[in-house]
Amino acid sequence: MTDQLEDTAEPSRLGPGGMRGMERRSAMDAVRMRIGMAISLGLLKPGERLPDQEDVALGLSVSPITARRALASLAEQGVVVRRRGRAGGTFVADSPPMEVLASLSASPAESQAVNRLVDRRLLFECAVTHYAAVNATVEQLDELERLTREMAESSDWSYYHRMDEQFHQLVGTASCLDTAVEVYHETLAELYDYFIPYPIEKLHKSNRDHIALVAALRARNVEEAVEVSRKHVDILHRTMFMGLAEGGD
């Protein structure tokens, strides 16, 4: 009963409250779908170990109880397996049932919603980056650089995702656009609800954009900073988020 109440108390933003035409999903179902899609797209490989339950929760921005219930449900359906002992944990099944994975796909409305959110973020990203190149303090630039190092050294998608979120939030704050930054942060939060687990080596490749952006911001090169951000966000139409057809290059 406690689990049920706590899961109900954490509604997913993956529903009509955020984007018109969206299906309403519980937070648990959204986590199931995000992990299932990562497996279907080959982003999580058979036998691959998932991060600990707490890290899954942090990486997907849900409560530990929601993450636990989602992983337990996927285990019951044979999508993941749980092993005990020192080398234990939760692993992608060697042969996840294809019919179950097919049921975990996103709807066309959700795919369209993701692309609309990416477009919205693209507009905001270019604006906040422009002003961050003008207004960012040395302390903020140093912190952005520290976050790129954290991402470069991260060994799993969960930790990388948390550092990535902090990085982009700080770029917004550094722009000093006040109320516009609040809307930008809200857009980021909505879009991060669609994040699916991604191979860390591909995320490390994406981090090169962050490093290039910090260099452009330090140089106060507005044009270069905006172009780096534009390319970084535009590629999200093809990669990284739930509802997109490809797993990325």
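The second largest cavity of this predicted model encloses about 40 Å³ of space, and the count of cavities of 30 Å³ or more comes to two. Its lining is made up of E125, H168, D209, H210, L213, V228, S229 and H232, and the elements that give two or more residues to that lining are α10 and α11. Sorted by class, the residues around this second largest cavity are two nonpolar, four polar and two charged.

Helix α11 is a natural place to continue, since V228, S229 and H232 belong both to the lining of the second largest cavity and to the buried residues of α11. The helix runs over residues 222-234, and its 13 residues reach 18 Å from the first C-alpha to the last, which is close to the 18 Å expected at 1.5 Å a residue. Its buried residues are A225, V226, V228, S229, H232 and V233; seen down the axis of α11, these buried residues fall within an arc of 160 degrees, so they line one face of the helix. As general background, an α-helix has 3.6 residues a turn, so residues three or four places apart point the same way. On the face of α11 turned away from the buried side, the exposed residues are E223 and K231, while the cover over the buried residues includes α6 (108-135), α8 (157-174) and α10 (200-218).

Helix α10, which takes part in that cover, also appears at an open site, for α10 gives the most to the lining of the second largest pocket, with three residues. That pocket has a volume of about 210 Å³, and of the 18 residues that line it, those closest to its centre are L43, E48, Y198, P199 and I200. By class, the lining of the second largest pocket divides into nine nonpolar, three polar and six charged residues.

Helix α2, finally, spans residues 27-40, and its 14 residues reach 20 Å from the first C-alpha to the last, close to the 20 Å expected at 1.5 Å a residue. This helix is mostly covered, with 12 of its 14 residues buried, and the buried set consists of A27, M28, A30, V31, R32, M33, R34, I35, G36, M37, A38 and I39. Arginines are thus represented in the buried set of α2 by R32 and R34. After α2 comes G42, whose phi is positive, near 80 degrees.

Definitions and conventions
Residues are numbered from 1 along each chain as its sequence is written. This is a predicted model: local features need pLDDT of at least 70, side-chain atom pairs count only at pLDDT 80 or more; totals for chains, interfaces and linings use all residues. Side-chain values use heavy atoms; hydrogens and water are left out. Helices (H or I, at least four residues) and strands (E, at least two) are DSSP runs, numbered from the N terminus. The expected span of a helix is 1.5 Å times one less than its number of residues. Buried means under 20% relative accessible area, exposed over 50%, partly exposed in between (1.4 Å probe, protein chains only). The arc is that of the directions from the helix axis to the C-beta atoms. Contact means heavy atoms within 4.5 Å. On a 1 Å grid over the protein atoms alone, a cavity is a set of points where a 1.4 Å probe fits but cannot get out, and a pocket is an open set with protein on both sides within 12 Å along at least five of seven lines; lining residues have an atom within 4 Å of a point. Grid points are joined across faces, edges and corners, and a volume is the space filled by probe spheres set on the points. Ala, Val, Leu, Ile, Met, Phe, Trp, Tyr, Cys and Pro count as nonpolar, Asp, Glu, Lys and Arg as charged, and the others, Gly among them, as polar.
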